[in-house]
Amino acid sequence: DNQGNVWRFNFENDSPAAWSVRKFFAGGQPVTAQPRVATANGYAIIAFGSGRFVDENDRTITAQQRLYGVYDPGPNYTGYPITPASLVLQTSTTSVVNGRVLLSSSDNPVVVSATSLGWQTNLIGVGERSIVAATSIFNPPRLIFPTFTPNGDPAAANDPCRETGISTIYVLNPENGGPARSEGFAAFDVNGDGVINNNDNP
């Protein structure tokens, strides 16, 4: 929601009186795109990003936003809501390869425990935000997050629907939010040879 919360609803019982809702995650930044579900290490991973682009004031928001992958510890977990303090941080850097600006990520492991329940990565563009749901691919496992950065065009300052800005594609490993690498399945044709294969993995 706009306060940065993700909610867990339980409709397993046939009786509506037994249905329940609890705050699953509290991050303090708006979550306006639908979460997606991936799997790793026997857990469901709830994947989502923060950011909004709904009204004219959103165009000038520059607070740093994040992408998240939160392991679901199940309905009997007593530590809800999960917060960013329980998530491993991945960091991103940029480089130019064959004229293309590429992002590379750290690859810190996530060892699931009561105090380590997933990962987060900071979006490094000024004003960059996640406003579209990620795509979850199961084989090979990866999460694809598109992000959006308004370009600040004065002509579009009062028109939040105007298509002015840039998009960045993040292809991440659902397990830890690090780079999605696997034999023969690179994310992009980094070396420009017209083929996407393991030669494109750094």
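This is a guided tour of one predicted chain, stop by stop, for use with the structure open in a viewer.

Residues are numbered from 1 along each chain as its sequence is written, and side-chain values use heavy atoms, with hydrogens and water left out. Because the model is predicted, local features need pLDDT of at least 70 and side-chain atom pairs count only at pLDDT 80 or more, whereas totals for chains, interfaces and linings use all residues.

**The whole chain**

Begin with the chain coloured by secondary structure, where 0 helices and 12 strands are assigned; helices here are DSSP runs of H or I with at least four residues, strands are runs of E with at least two, and both are numbered from the N terminus. Of the 202 residues, 40% count as buried, a word used for a relative accessible area under 20%, with exposed meaning over 50% and partly exposed lying in between, for a 1.4 Å probe and protein chains only. If you switch on the surface, the accessible area comes to about 10700 Å², and 53% of that belongs to carbon and sulfur atoms, as computed by the Shrake-Rupley method with a 1.4 Å probe. Among contacts with a separation of 6 or more, 57% are made by residues 24 or more positions apart, a contact being heavy atoms within 4.5 Å.

**The five-stranded sheet**

Next, select β3, β4, β5, β9 and β6, which form an open sheet in the order β3-β4-β5-β9-β6 with mixed pairing; two strands pair if DSSP finds at least two bridges between them. The edges are taken by β3 (36–40) and β6, and because each has a single partner strand, one side of each is left without a neighbour in the sheet. On average, neighbouring strands of this sheet are turned by 25° against each other, direction ignored, with axes fitted as lines to C-alpha atoms.

Now narrow the selection to β5 (66–71), where 5 of 6 residues are buried. On one side, β4 (residues 43–49) pairs with β5 in the antiparallel sense over 5 bridges, and I46 stands opposite V70 in β5. Strand β9 (residues 118–122) also runs antiparallel to β5 and is joined to it by 5 bridges, with W119 as the bridge partner of G69.

**D72, in the loop after β5**

Move on to D72, in the loop between β5 and β6 (88–90). Is this residue buried or exposed? D72 counts as buried because its relative accessibility is 19%. Show the side chains of R8 and Y80 as well: a polar contact of 2.6 Å joins D72 to R8, and another of 3.4 Å joins D72 to Y80. Polar contacts are pairs of N or O atoms within 3.5 Å, where within protein one must be able to donate a hydrogen and the other to accept it, and residues adjacent in sequence count only if both atoms are side-chain atoms. Beyond its neighbours within four places in sequence, D72 is also in contact with F24, Y43 and A44, among others.

**V6, in strand β1**

Finish at V6 in strand β1 (residues 5–10), which is buried with a relative accessible area of 8%. Leaving aside neighbours within four places in sequence, the contacts of V6 are K23, F24, F25, V31, P35 and F48. As a last step, select the C-alpha atoms of V6 and G27, which lie 8.5 Å apart in space and 21 residues apart in sequence.

Conventions: Axes are lines fitted to C-alpha atoms, for helices over the stretch in contact, and angles run from 0 to 180 degrees between N-to-C directions.
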